[in-house]
Amino acid sequence: MTAQTDTTGSVTTVYQVSGMSCGHCEGAVSGEISQLSGVSSVTAVASTGEVTVVSAAPLDDEAVRAAVDEAGFELAGKA
């Protein structure tokens, strides 16, 4: 169930976030997750609920959950 891939020097993880419905939602989620240590890029897609995160190392799921909560949404798990 994990959509986590390791590439040279980075880890890409796809999370499912419920409640996103627009570009503003995408920006809020991306902004909070991008503040986590080691994150190099975040791409949120409201239409699918998927948030793709590229980081230097695997992220702590609870830290990601807290960031998504701070943005006002719910982390449903990994895609």
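## Ground rules

A residue is called buried under 20% relative accessible area, exposed over 50%, and partly exposed in between. Arg-65 has a relative accessible area of 30%, so Arg-65 is partly exposed. The model described here is predicted.

## Helix 1

Helix 1 covers residues 23-34. Its 12 residues should span 16 Å at 1.5 Å a residue. The C-alpha atoms at its ends are 16 Å apart, so the expected and modelled spans agree.

Which residues of helix 1 are buried? They are Cys-25, Val-29, Ser-30 and Ile-33. Viewed down the helix axis, these buried residues fall within an arc of 125°, so they line one face of helix 1. The face turned away from the buried side carries Gly-23 and His-24, which are exposed.

What do the buried residues of helix 1 pack against? Their partners are strand 2 (10-18), strand 3 (39-45), strand 4 (50-55) and helix 2.

## A loop residue beside helix 1

Ala-71 sits in the loop between helix 2 and strand 5. Is Ala-71 buried or exposed? Its relative accessible area is 17%, and the cut-off for buried is under 20%, so Ala-71 counts as buried.

Leaving out residues up to four places away in sequence, Ala-71 touches Ala-28, Val-29 and Glu-32. Val-29 is one of the buried residues of helix 1. Along the chain, Ala-71 and Val-29 are 42 residues apart. Their C-alpha atoms are separated by 5.4 Å.

## Salt bridges

How many salt bridges does the model have? The count comes to 2.

One joins Asp-61 and Lys-78. Their closest N and O atoms are 3.5 Å apart. This pair links distant parts of the chain. Asp-61 belongs to helix 2 (residues 61-70), while Lys-78 belongs to strand 5 (residues 74-78). The two are 17 residues apart. Asp-61 is partly exposed, at 32% relative accessibility.

Another joins the side chains of Glu-62 and Arg-65, with an N to O distance of 3.6 Å. Both residues lie in helix 2. They are 3 residues apart, about one turn of the helix. Glu-62 has 49% relative accessibility; the exposed class begins over 50%, so Glu-62 counts as partly exposed. Its partner Arg-65, at 30%, is partly exposed as well.

Technical notes. Residues numbered from 1 in each chain as written. Predicted model: local features only at pLDDT ≥ 70, side-chain atom pairs only at ≥ 80, totals over all residues. Heavy atoms only, no water. Salt bridge = Lys/Arg side-chain N within 4 Å of Asp/Glu carboxyl O. Helix = DSSP H or I, 4+ residues; strand = E, 2+ residues; numbered from the N terminus. Buried < 20%, exposed > 50% of the residue type's maximum accessible area, 1.4 Å probe, protein only. Expected span 1.5 Å × (residues − 1). Arc of directions from axis to C-beta. Contact = heavy atoms within 4.5 Å.
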